[in-house]
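Work through the exercises below with the model open. Try each task before reading its solution.

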Amino acid sequence: MKRLGLIDIGSNTIRLVIFEYSKETGLNELQNVKTPARLSQYLDEDKNMNEEGINVLVETLNSFKKVAKKFHVEELVPAATAAVRQSQNINQIIEKVKAKTNLVIEIIPEEDEAFYGFYAVTHTLNIENGITVDIGGGSTEITYFENKKLKEAISFPFGVVTLEKMFFVDKDHNDKNAIKKCEKYVKEQFESLKWIKDKKVPIIGIGGSARNNARIHQSLNNYPIAGVHGYDMTKKDLEEVYEVLKKSDKSDLKDLDGLSRDRTDIIIPSSIVFNALYEISNATRYTFSRKGLREGVVMTRLEEEFPKSFNKDKVTSDALKYLANEYNIHASNGKQRMRLAEDLLNKVIDITGFEVSKEDRELFKEAAYLYYLGSFIDADSSSQHTYYIIANSSINGLSHKERVKLALLSSFKNKTLLKFYVKETSLFNDGEIELIQKLGVLIKFANALNVSNTDCIESMELIEKKNEFELKVKYVTDPIAEEYQSERQKKHLEKLLSKKLNIIFTQD
């Protein structure tokens with residue numbers, strides 16, 4: 001296990017994030033604090049950072065050092081991007097910081113800043129081809145990747161703070177002429193790159209401005225699920241946020257749910273960037289990634305000490321393994337339940353012919369492994385805890401709809417409770433709900449066949465007879481608990497099969 005602290009010295013904010021990594025539970029965030037330092041405002045016309053700006057940086061770093069000490073951080077890494085990188089007196093800044101904090105600032109080059117964002121996205125989302133965009137205070141990094149391999153990268157020398165300075169100084173945040181000029185400028189910048197045009201892939205937004213746009217949309221639509229990592233938006237959704245921002249005055253913005261107060265004057269430039277990029281790239285959707293520059297830096301550093309700790313081809317399976325470990329699911333029990341559930345699914349499909357997609361089959365298997373993980377909190381309300389834990393956990397590699405489907409399957413108890421959970425999100429149509437119920441029944445029955453957690457069931461055979469089905473269950477050790485529970489649960493399976501079910505336990 002290792003604790004590492006990263007101080008992200010950006011143009012708009014300075015943020016300390018403390019991470020903990022272990023092979024059992026993966027990379028987790030323990031602490032996240034920020035201050036809106038706005039370092040770019042301390043750069044003069046010659047790009048020299050003045051004494052006041054350097055002092056703000058020093059004071060912030062010393063404050064964050066105290067936080068890191070309380071968390072017993074083993075390594076503290078201050079990493080700077082555009083505001084410090086663009087400063088002509090960069091050596092003076094580094095020397096003064098070293099003298100007054102005993103910390104050595106690492107300057108992240110433009111190309112590395114873009115790479116770290118790409119690295120974090122491809123290792124935490126299941127998007128094979130896409131465009132990442134990370135708009136900070138003083139620069140905007142964009143990459144294009146195919147099959148999770150970086151193809152193109154660029155850092156534009158403008159961000160939300162610099163765009164605000166260029167077009168909105170002494171004007172309202174929603175001044176129509178300023179907006180028009182800013183839109184024209186941003187589009188011209190993006191259109192100068194042939195590799196951005198008409199790519200027809202998802203755009204992945206990274207960073208605080210991207211997060212705020214996603215949260216505003218969630219708030220406008222009363223979105224009930226926690227978290228924004230993996231949250232999808234359409235072109236219409238982005239435009240909805242943009243229109244609300246343009247119509248709102250400053251007092252409205254301060255009360256707009258999802259918008260941080262320190263971003264009210266710079267949120268419109270960010271929305272201009274996202275909408276322009278969406279239009280020029282002819283994107284298929286906009287997805288927010290909570291994992292970006294900071295995670296990219298930390299993950300690449302950790303890989304030096306823990307090789308193969310992050311696998312871009314096993315994003316979801318690794319994330320679910322860590323979730324299972326966190327809630328003490330015994331691996332052999334989970335695998336047995338998964339094996340029985342998949343075997344039962346195959347047998348039922350052969351007989352009934354109902355179809356299950358490859359994606360739903362994978363979620364079904366994972367749900368069988370995670371079934372009732374909420375019993376870790378309270379056995380009497382396992383279903384409720386399981387649903388809310390999974391539905392509201394940030395799970396790498398899953399979209400929000402996939403995450404809720406996994407929660408519904410993992411928590412399945414009965415039709416009534418399923419309908420109650422489904423109403424919360426309204427993400428599924430009647431056909432999807434019917435399929436979730438069928439798959440949930442199979443998982444619940446598979447759990448009944450290993451309720452003692454002794455892995456006593458070896459195999460099953462489902463035989464169709466004239467008026468009933470016969471399920472022959474071969475066991476290797478005493479299945480008293482399994483016999484009792486399977487008899488209790490077989491009524492759900494009988495509804496699925498549309499016939500009576502006779503269960504026979506045998507050692508032959």
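## Exercise 1: a charged surface residue

At 69% relative accessibility, Lys495 counts as exposed. The model is predicted: local features need pLDDT of at least 70, side-chain atom pairs count only at pLDDT 80 or more, and totals for chains, interfaces and linings use all residues. Residues are numbered from 1 along each chain as its sequence is written, and side-chain values use heavy atoms, with hydrogens and water left out.

Task: place Lys495 in its helix, then find the positive patch on the surface.

Solution.
- Step 1. Fix the scale: buried means under 20% relative accessible area, exposed over 50%, partly exposed in between (1.4 Å probe, protein chains only).
- Step 2. Locate the residue. Lys495 lies in helix α19. Helices (H or I, at least four residues) and strands (E, at least two) are DSSP runs, numbered from the N terminus.
- Step 3. Collect the patch. Lys495 gathers with Lys415, Lys419, Lys423, Arg488 and Lys491 in a patch of positive charge on the surface.
- Step 4. Name the contributors. The elements giving two or more residues to the positive patch are α17 (415–425) and α19 (480–497).
- Step 5. Check the criteria. Patch residues have over 30% relative accessible area and no salt bridge, and like charges are joined within 9 Å. A salt bridge is a side-chain nitrogen of Lys or Arg within 4 Å of a carboxyl oxygen of Asp or Glu. The place of a charge is NZ for Lys and CZ for Arg.

## Exercise 2: cysteines

Task: how many disulfides does the structure hold?

Solution.
- Step 1. Recall the bond: a disulfide is a covalent link between the sulfur atoms of two cysteines.
- Step 2. Apply the cut-off, a pair of cysteine sulfur atoms within 2.5 Å. The structure holds zero disulfides.
- Step 3. Look at two cysteines. Cys182 is buried, with a relative accessible area of 0%. Cys456 is buried too, with a relative accessible area of 0%.

## Exercise 3: positive phi

Task: in which loops do His72 and Asp455 sit?

Solution.
- Step 1. Set the background. Most residues other than glycine have a negative phi.
- Step 2. Take His72. Its phi is positive, about 55 degrees. His72 sits in the loop between α1 (51–70) and β4 (75–80). With a relative accessible area of 63%, His72 is exposed.
- Step 3. Take Asp455. Its phi is positive as well, near 55 degrees. Asp455 sits in the loop between α18 (430–448) and β12 (457–464). At 27% relative accessibility, Asp455 is partly exposed.

Key:
Patches are made of residues with over 30% relative accessible area and no salt bridge: like charges are joined within 9 Å, nonpolar side chains (Val, Leu, Ile, Met, Phe, Trp, Tyr) within 5 Å. Accessible areas come from the Shrake-Rupley method with a 1.4 Å probe; for residues, only the protein chains shown count as cover. Lys and Arg count as positive and Asp and Glu as negative; His and the chain ends are not counted.
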